[in-house]
Amino acid sequence: MESDPKLLFFALIRQNLGIVNSLCRLYATSNEEMKDFRQDVLLSLWKGFPQYKEESKVSTWMYRVTLNTLISIYRKKKRVLLTEPFSESVE
């Protein structure tokens, strides 16, 4: 394996990007949202990469991080309340 963590991370992402893309497509309602999700997932993977201990296959680890990130995003979106502007007049 490569010794530079950045190069290793990029190589692993290239090999397993299909996992990330597939899961992001499942949760997204548009192409733009899918890209946003993928960016959030890649950031989560990068932040979690130093803690990856190779106890499981890298594809399994990436799947779990991706799924957990998407579930967190979904939960945050559900908590946002739709509001209407306040109006002085009552109809």
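The protein averages a pLDDT of 89, and 86% of its residues score at least 70. Keep in mind throughout that this is a predicted model. Here are some exercises to work through with the structure open.

**Exercise 1. Overall layout**

Task: Work out how many helices and strands the protein has, and which element has the lowest mean pLDDT.

Solution:
- Step 1. Count the elements: the protein has three helices and zero strands.
- Step 2. Read them from the N terminus, and the order is α-α-α.
- Step 3. Mark the boundaries. Helix H1 covers residues 5-27, helix H2 covers residues 31-48, and helix H3 covers residues 58-79.
- Step 4. Rank the confidence: H3 has the lowest mean pLDDT of the elements, at 93, while H2 has the highest, at 97.
- Step 5. Finish with burial: of the 91 residues, 32% count as buried.

**Exercise 2. Two salt bridges**

Task: The structure holds two salt bridges. Find the partners of Glu 32 and Lys 77, and say how each pair is placed along the chain.

Solution:
- Step 1. Start with Glu 32, which forms a salt bridge with Lys 35; their closest N and O atoms lie 3.8 Å apart.
- Step 2. Check this against the cut-off for a salt bridge, which is 4 Å. The 3.8 Å of this pair is within it.
- Step 3. Place the pair in the chain. Glu 32 and Lys 35 both sit in helix H2, and because they are three residues apart, about one helical turn separates them.
- Step 4. Look at exposure: Lys 35 has 37% relative accessibility and counts as partly exposed.
- Step 5. Turn to Lys 77, whose salt-bridge partner is Glu 33, with 2.5 Å between the closest N and O atoms. This pair links distant parts of the chain, since Lys 77 belongs to helix H3 and Glu 33 to helix H2, 44 residues apart.
- Step 6. Compare the exposure of the two ends. Lys 77 is partly exposed at 43% relative accessible area, whereas Glu 33 is buried at 14%.

**Exercise 3. A charged patch**

Task: Which residues gather in a patch of positive charge on the surface, and is Arg 75 buried or exposed?

Solution:
- Step 1. Identify the members: Arg 75, Lys 76, Lys 78 and Arg 79 form the positive surface patch.
- Step 2. Locate Arg 75, which is found in helix H3.
- Step 3. A patch member needs over 30% relative accessible area. Arg 75 has 54% and is exposed.

**Exercise 4. The loop between H2 and H3**

Task: Describe Pro 50 and Glu 54, and find what stands out in the phi of Glu 54.

Solution:
- Step 1. Place both residues: Pro 50 is in the loop between H2 and H3, and Glu 54 is found in that loop as well.
- Step 2. Read their exposure. Pro 50 has 62% relative accessibility and counts as exposed; for Glu 54 the value is 62%, again exposed.
- Step 3. Recall the background: most residues other than glycine have a negative phi.
- Step 4. Apply this to Glu 54, whose phi is positive, near 60°, although the residue is not glycine.
- Step 5. Relate the loop to another part of the chain. Pro 50 and Phe 9 are 41 residues apart in sequence, with their C-alpha atoms 9.8 Å apart in space.

**Exercise 5. Two buried positions**

Task: Are Cys 24 and Thr 66 buried or exposed? Give one C-alpha distance for each.

Solution:
- Step 1. Cys 24 is found in helix H1, and Thr 66 in helix H3.
- Step 2. Buried means under 20% relative accessible area. Cys 24, at 0%, is therefore buried, and Thr 66 is also buried at 0%.
- Step 3. From Cys 24 to Val 41, the C-alpha distance is 8.5 Å, with the two positions 17 residues apart in sequence numbering.
- Step 4. From Thr 66 to Phe 37, the C-alpha atoms are separated by 9.2 Å, and the residues are 29 apart along the chain.

Notes: Residues numbered from 1 in each chain as written. Predicted model: local features only at pLDDT ≥ 70, side-chain atom pairs only at ≥ 80, totals over all residues. Heavy atoms only, no water. Patch = residues over 30% accessible without salt bridge, like charges linked within 9 Å, V, L, I, M, F, W, Y side chains within 5 Å. Areas by Shrake-Rupley, 256 points an atom, 1.4 Å probe, with all protein chains shown as cover. Salt bridge = Lys/Arg side-chain N within 4 Å of Asp/Glu carboxyl O. Lys, Arg positive; Asp, Glu negative; His and termini not counted. Charge placed at Lys NZ, Arg CZ, Asp CG, Glu CD. Helix = DSSP H or I, 4+ residues; strand = E, 2+ residues; numbered from the N terminus. Buried < 20%, exposed > 50% of the residue type's maximum accessible area, 1.4 Å probe, protein only. pLDDT = per-residue confidence, 0-100.
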